[in-house]
Each structure stands twice: as C-alpha cells, then as structure tokens.
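Let's take a walk through this one together, starting from a single side chain and working outwards. Keep the viewer open and follow along.

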Protein chains: 2
Amino acid sequence: MTTAGSGVDGALRRRAAAWPVARLGTVGADGRPHLVPCCFALDRDVAYSVVDHKPKRSTALRRLDNIRANPTVCLLVDHYEEDWSALWWVRLDGTARLLTEGPEHEGAIALLRAKYAQYRATPPSGTVVAIDVHSCRTWAAGP
Amino acid sequence: MTTAGSGVDGALRRRAAAWPVARLGTVGADGRPHLVPCCFALDRDVAYSVVDHKPKRSTALRRLDNIRANPTVCLLVDHYEEDWSALWWVRLDGTARLLTEGPEHEGAIALLRAKYAQYRATPPSGTVVAIDVHSCRTWAAGP
C-alpha cells in the first residue's frame with residue numbers, strides 16, 4: 001500500500017494529500033463510532049494530525065481514549081459541490097498511534113506547519129495522532 | 001433530545017440541517033470504523049440519507065452491512081475554511097434503521113427531494129438510512 005500512485009487513483013491521492021480538511025473516525029470501547037473534522041499532513045503512508053489550539057476538551061479526550069481502546073481508525077478526505085459530477089473522496093484506513101514527544105512528534109509538527117499557515121503562526125504542541133495507513137480507497141463521480 | 005434548539009446551539013443546529021453534506025460513520029462487525037460523505041435531510045430527530053445514483057457498489061453495501069451488524073452510527077456536519085475562527089461542527093449520534101419501502105421511505109425521499117435539486121431532477125429509489133438521533137453536540141470556534 002502506498003498513498004502515492006499513478007493514473008486516476010494517483011491524481012486523487014495527490015489531491016487528497018493537499019486537501020486542508022479530513023474527517024477522522026474512531027470507535028469507542030462501547031462500539032460507538034465518533035467523528036471529528038481535522039487538519040492533517042501525509043508523509044508517505046503515515047497521516048498525522050494534532051489536537052490543536054482550541055479543542056473542545058471532552059472531544060479531544062474522546063478521540064484519544066477511543067484510539068487507546070481501539071487503534072483502528074478511518075480518515076476520509078472528500079470534496080462536495082453542487083455539481084455532483086465533480087464529487088470525489090479518498091478513504092484511508094489504518095492503525096493509529098499517539099505521540100506526545102520525540103523525533104516523530106517533532107517531524108509531524110513540522111509537516112503540519114509546512115502545510116498550514118495557521119500552524120506556522122501558532123505552533124501546536126499537543127498529542128499527535130499518527131495513522132499507519134494500510135489501505136487507500138478512492139472514488140470519483142466523473143472522469 | 002431535539003435537533004431544534006435555542007441560542008448558539010439552536011443556530012448551529014439549524015445551520016447544520018440546511019447544510020448540503022455530512023459524513024456518516026458506521027462500525028463493522030470487525031470493529032473497524034467506516035466513513036462516507038452523504039447528503040441528508042433532517043425531520044425533527046430523524047436524519048435520512050439514501051444510497052444514491054452512482055454509489056461505488058462495494059461502499060454502499062459496506063455501509064448497509066455495517067448498520068445491520070451494529071446500528072450505532074455518527075453523522076457529522078461541519079464547515080471548514082481558512083479562517084479557523086469560523087469553524088463549526090454539529091455531531092449527531094444515533095441508531096440507524098434501513099428502509100426499502102413504505103410510507104417512511106417515501107417521506108424520506110420527499111424530504112431529500114425538497115432539499116436537493118439533484119434529487120428532484122433524478123429521484124433516488126435506493127435504501128434509505130434513517131437515523132434516530134439520540135444526542136446532538138455542537139461546537140464553534142468563534143462566537
């Protein structure tokens with residue numbers, strides 16, 4: 001599995017990598033799904049996001065608690081517009097790890113700051129969710 | 001629980017009800033989360049979406065199989081823009097039922113056609129996912 005690729009799949013994966021927002025799905029110990037929008041950066045087959053400036057504290061904890069209980073996660077990147085022939089999505093399924101310090105945490109923050117001006121203005125320092133992507137599915141309505 | 005409401009919460013819920021896209025999270029029998037973007041319509045505390053014109057067949061089946069195995073779902077409506085002080089989300093947690101025919105199926109299609117010109121042009125006829133919403137959480141970065 002690689003998040004790079006050729007053809008339509010590859011083009012969609014590159015578009016998704018540059019997209020500013022994704023939705024992260026986790027599952028609680030009780031089997032309930034939990035979704036949050038998040039910023040993210042991709043480094044080959046690892047996706048990084050960070051619990052950022054103004055989280056709703058209970059939501060940030062819920063996401064992290066869920067990952068501790070069940071590290072299987074889903075990250076969806078998609079585009080909506082009124083012209084439904086322009087719709088597309090890229091779904092990354094993987095296993096999450098939580099990073100609070102160390103070289104990979106620092107590298108993730110650097111990647112996020114490279115992608116987002118908002119993170120350059122106010123560097124985040126919270127827990128990083130690192131997702132080892134096992135599978136990447138793409139779909140597009142049009143050519 | 002009601003998806004209507006007063007104050008900031010109520011304003012966000014009304015904004016979410018009119019929003020054209022949401023992301024539906026389900027959980028497989030294997031405990032894996034699965035996310036798809038979807039159109040939806042709200043009728044009080046029930047959210048409806050339909051497997052529409054050009055589904056990626058395996059994805060449509062996955063969503064429905066997951067709901068049969070575990071009806072607990074999460075529907076997230078959110079807004080992203082570069083100005084992070086304008087971010088908001090509304091998360092609906094509930095229990096899903098699958099409708100293939102009957103008055104509630106017809107009512108759901110009518111609601112979806114009232115909300116979406118695309119559905120008026122090409123009426124959907126597929127399985128409807130009806131979500132009985134038990135809890136509605138809202139968040140906004142700004143006032």
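A good place to start is Phe40(A). Leaving out residues up to four places away in sequence, Phe40(A) touches Ala22(A), Ala47(A), Tyr48(A), Ser49(A) and Leu75(A). One thing to keep in mind as you look around: this is a predicted model.

Now zoom out from that residue to the core. Phe40(A) is among the residues with the most contacts inside the largest nonpolar core, along with Leu75(A), Phe40(B) and Leu75(B). That core counts 71 residues, and strand β7 (residues 128–140) of chain B gives the largest share of them, 6 residues. As a bit of background, nonpolar side chains in soluble globular proteins tend to be buried together.

Next, the sheet of chain A. Here 7 strands make up an open sheet, and you can trace them in the order β2-β1-β5-β6-β7-β4-β3, with antiparallel pairing. At the edges sit β2 (33–38) and β3 (41–43) of chain A, each of which pairs on one side only. Going from one strand to the next, the twist averages 30°. Helix α1 (residues 7–18) of chain A packs on this sheet, where it touches β3, β5 (72–79), β6 and β7 of chain A. The direction of helix α1 of chain A makes about 140° with that of β7(A). Then there is helix α3 (residues 103–115) of chain A, which lies across β3, β4 (46–50), β6 and β7 of chain A and runs at about 80° to β4(A).

Let's look at how some of those strands are joined. Strands β5(A) and β6(A) run antiparallel and are joined by 8 bridges; in β6(A), Trp88(A) is the bridge partner of His79(A). On to the pair formed by β6 (residues 88–99) and β7 (residues 128–140) of chain A, also antiparallel, with 12 bridges between them. If you want landmarks along this pair, Val90(A) stands opposite Thr138(A) in β7(A), and Arg97(A) stands opposite Ala130(A) in β7(A).

While you're on β6 of chain A, stop at Asp93(A), which is found in that strand. Is Asp93(A) buried or exposed? The cut-off for buried is 20 or more other C-beta atoms within 10 Å; Asp93(A) has 21, so it counts as buried. What does Asp93(A) contact, once neighbours within four places in sequence are set aside? The partners are Cys74(A), His134(A), Ser135(A) and, from the other chain, Arg32(B). Ile131(A) is worth a glance too: Asp93(A) and Ile131(A) are 38 residues apart in sequence, but their C-alpha atoms are 8.4 Å apart in space.

That contact with Arg32(B) takes us over to chain B. Chain B has an open sheet of 7 strands in the order β2-β1-β5-β6-β7-β4-β3, paired antiparallel. Its edge strands are β2 and β3 (41–43) of chain B, each pairing on one side only. Neighbouring strands of the sheet are turned by 30° against each other on average, direction ignored. Helix α1 (residues 7–18) of chain B packs on the sheet, touching β3, β5, β6 and β7 of chain B, with its direction at about 140° to that of β7(B). Helix α3 (residues 103–115) of chain B lies across β3, β4 (46–50), β6 and β7 of chain B, at about 80° to β4(B). For one pairing in detail, try β1(B) and β5(B), which pair in the antiparallel sense over 3 bridges; Arg23(B) has Leu76(B) as its bridge partner in β5(B).

How do the chains meet? The contact takes 28 residues from chain A and 29 residues from chain B. On the side of chain B that touches chain A, β1 (22–27), β2 (33–38), β5 (72–79) and β6 (88–99) of chain B each supply at least two residues. The largest share there, 5 residues, comes from β5(B). By type, the residues of that side divide into 14 nonpolar, 8 polar and 7 charged.

Finally, the symmetry. Chain B superposes on chain A by a rotation of 180° with 0.0 Å of shift along its axis, at an RMSD of 0.0 Å. The two copies are thus related as by a two-fold rotation axis. The interface fits in with this: 97% of the interface residues of chain B are also interface residues in chain A, so the copies meet through the same surface.

Terms used
Residues numbered from 1 in each chain as written. Chains lettered and ligands numbered in written order. Predicted model: local features only at pLDDT ≥ 70, side-chain atom pairs only at ≥ 80, totals over all residues. Contact = placed C-beta atoms within 7 Å. Helix = DSSP H or I, 4+ residues; strand = E, 2+ residues; numbered from the N terminus. Nonpolar A, V, L, I, M, F, W, Y, C, P; charged D, E, K, R; others polar. Core = buried A, V, L, I, M, F, W, Y, C linked by C-beta atoms within 7 Å. Buried ≥ 20, exposed ≤ 12 C-beta atoms within 10 Å, placed from the backbone. Pairing = 2+ DSSP bridges. Axes fitted to C-alpha atoms, helices over the stretch in contact; angles between N-to-C directions. Least-squares fit on C-alpha atoms with pLDDT ≥ 70 in both.
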